[in-house]
Amino acid sequence: MRAALLVANWKMHGTLGEARALATSVRDGIKRPRGVEVVLCPPFTALPAVAEVLAGSPIGLGAQNCHWEVTGAFTGEVSPAMLADLGCRLVIVGHSERRQHFGEIDAQVNLKLRAALAHGLTPLLCVGESADERRQGLTFTVVEGQLRAGLGGVSPDDLGRCIVAYEPVWAIGTGVNATPTQASEVHGYLRGLLSELASKEIAETVRILYGGSVKPDNAGELCREPEIDGALVGGASLQAQAFLGIVRKAAARGGATPKE
Ligand code: PGA
């Protein structure tokens, strides 16, 4: 069984002081995680401070975005090599806010994902349909297009190093989460595509997270679905107690904890 993974996406929140305090509370609340992995993705500016807080703890560090080149004249950008240098192990690529507000297209997402892999980072590829697309019955078409494009040119072995997050745009920051059934059917579909792109064995190892208004009171039922391997959490990850509540619910997911 795939161990559950909880990724906190702090988005553009947190001065250094706030980031240190939040990371410290999360770290102190998760001494010995069982059956669950946790990664915090603070804004770039807080990465070194959060890295310091998390040093020696089982909680990983991740970033919310990256460029695809190693160095160069790309004002305002941060390369995967720089993130790896700071101790990041994961980077989110293709988040819908990047696609919506910054015009990021699939081809760029693919370059970022491959650059992340090349620098030993785990890419967390986000896919998801808008409310309109769902109404028009385009959910599977949209997520399939994003998944295939995002993973284009990636070898089966490298595909096994990726994580996917299904984040319906209509569920992000709205308080309206996808139901476990809605999420499960998309996750199942994505896993089928991963089998086709790599192999059934590799697809079975790839974690597919759900994201979009995950809270302590819905995390349990979402994470109990066999196809949902954890969550990408935005708003609720900014409050230590709420995030810890989600981590506990995910850890309690059947079978994730090795049986004695
Ligand atoms: P949310 O955000 O939990 O605030 O809905 C999720 C995300 O954007 O990753």
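A polar contact is a pair of N or O atoms within 3.5 Å. The exercises below apply this cut-off and others to a predicted model.

**Exercise 1. Which atoms of S213 and G234 lie close enough to an oxygen atom of the ligand to form a polar contact?**

Step 1. For S213, a backbone N or O atom lies 2.7 Å from an oxygen atom of the ligand.
Step 2. For G234, a backbone N or O atom is again involved, and the distance to an oxygen atom of the ligand is 2.8 Å.
Step 3. The limit is 3.5 Å, so a pair of N or O atoms at either distance qualifies as a polar contact.
Step 4. With K11 the side chain takes part: one of its N or O atoms is 2.7 Å from an oxygen atom of the ligand.

**Exercise 2. How much of the ligand's accessible area does the protein cover, and what kinds of residues form the shell?**

Step 1. On its own, the ligand has 280 Å² of accessible area, and the protein covers 96% of this.
Step 2. The ligand is surrounded by 13 residues. K11, H95, E167, G173 and S213 are the closest.
Step 3. By type, the shell holds four nonpolar, seven polar and two charged residues.

**Exercise 3. Find the sign of phi at K11 and S213, and place both residues in the chain.**

Step 1. Most residues other than glycine have a negative phi.
Step 2. K11 is not a glycine, yet its phi is positive, about 50°. K11 sits in the loop between strand 1 and helix 1 (16–29).
Step 3. S213 is not a glycine either, and its phi is positive, about 55°. S213 belongs to the loop between strand 7 (208–211) and helix 11 (216–223).
Step 4. The relative accessibility of S213 is 10%, so S213 counts as buried.

**Exercise 4. Describe the surroundings of strand 3 (residues 60–63).**

Step 1. Start with the faces. G60 and G62 lie on one side of strand 3, L61 and A63 on the other, and all are buried.
Step 2. Turn to strand 2 (residues 36–41), which pairs with strand 3 in the parallel sense over two bridges. V39 stands opposite G60 in strand 3.
Step 3. Follow the chain from strand 2 through helix 2 (residues 47–54) to strand 3: this β-α-β crossover is right-handed.
Step 4. Strand 3 is also joined by two bridges to strand 4 (residues 90–93), and these strands run parallel. Here G62 stands opposite L90 in strand 4.
Step 5. Strand 3, helix 3 (residues 80–85) and strand 4 form a β-α-β unit that is right-handed.

**Exercise 5. Are A55, G60 and R2 buried or exposed?**

Step 1. The cut-offs are under 20% relative accessible area for buried and over 50% for exposed.
Step 2. A55 lies in the loop between helix 2 and strand 3. Its relative accessible area is 57%, so A55 is exposed.
Step 3. G60 is in strand 3. With a relative accessible area of 2%, G60 is buried.
Step 4. R2 is in the segment before strand 1 (4–9). R2 counts as buried because its relative accessibility is 14%. The side chain of R2 reaches the backbone oxygen of P226 at 3.3 Å.

**Exercise 6. How far apart in space are A55 and G152, and G60 and E204?**

Step 1. A55 and G152 are separated by 97 residues in sequence and by 35 Å in space, C-alpha to C-alpha.
Step 2. G60 and E204 are 144 residues apart in sequence, and their C-alpha to C-alpha distance is 23 Å.

Terms used: Residues are numbered from 1 along each chain as its sequence is written. This is a predicted model: local features need pLDDT of at least 70, side-chain atom pairs count only at pLDDT 80 or more; totals for chains, interfaces and linings use all residues. Side-chain values use heavy atoms; hydrogens and water are left out. Buried means under 20% relative accessible area, exposed over 50%, partly exposed in between (1.4 Å probe, protein chains only). Helices (H or I, at least four residues) and strands (E, at least two) are DSSP runs, numbered from the N terminus. Two strands pair if DSSP finds at least two bridges between them. A crossover is right-handed if, with the strands pointing away from the viewer, the path from the first strand over the helix to the second runs clockwise. A residue is near a molecule or strand if one of its heavy atoms lies within 4 Å of it. A polar contact is a pair of N or O atoms within 3.5 Å; within protein, one must be able to donate a hydrogen and the other to accept it, and residues adjacent in sequence count only if both atoms are side-chain atoms. Accessible areas come from the Shrake-Rupley method with a 1.4 Å probe; for residues, only the protein chains shown count as cover. Ala, Val, Leu, Ile, Met, Phe, Trp, Tyr, Cys and Pro count as nonpolar, Asp, Glu, Lys and Arg as charged, and the others, Gly among them, as polar.
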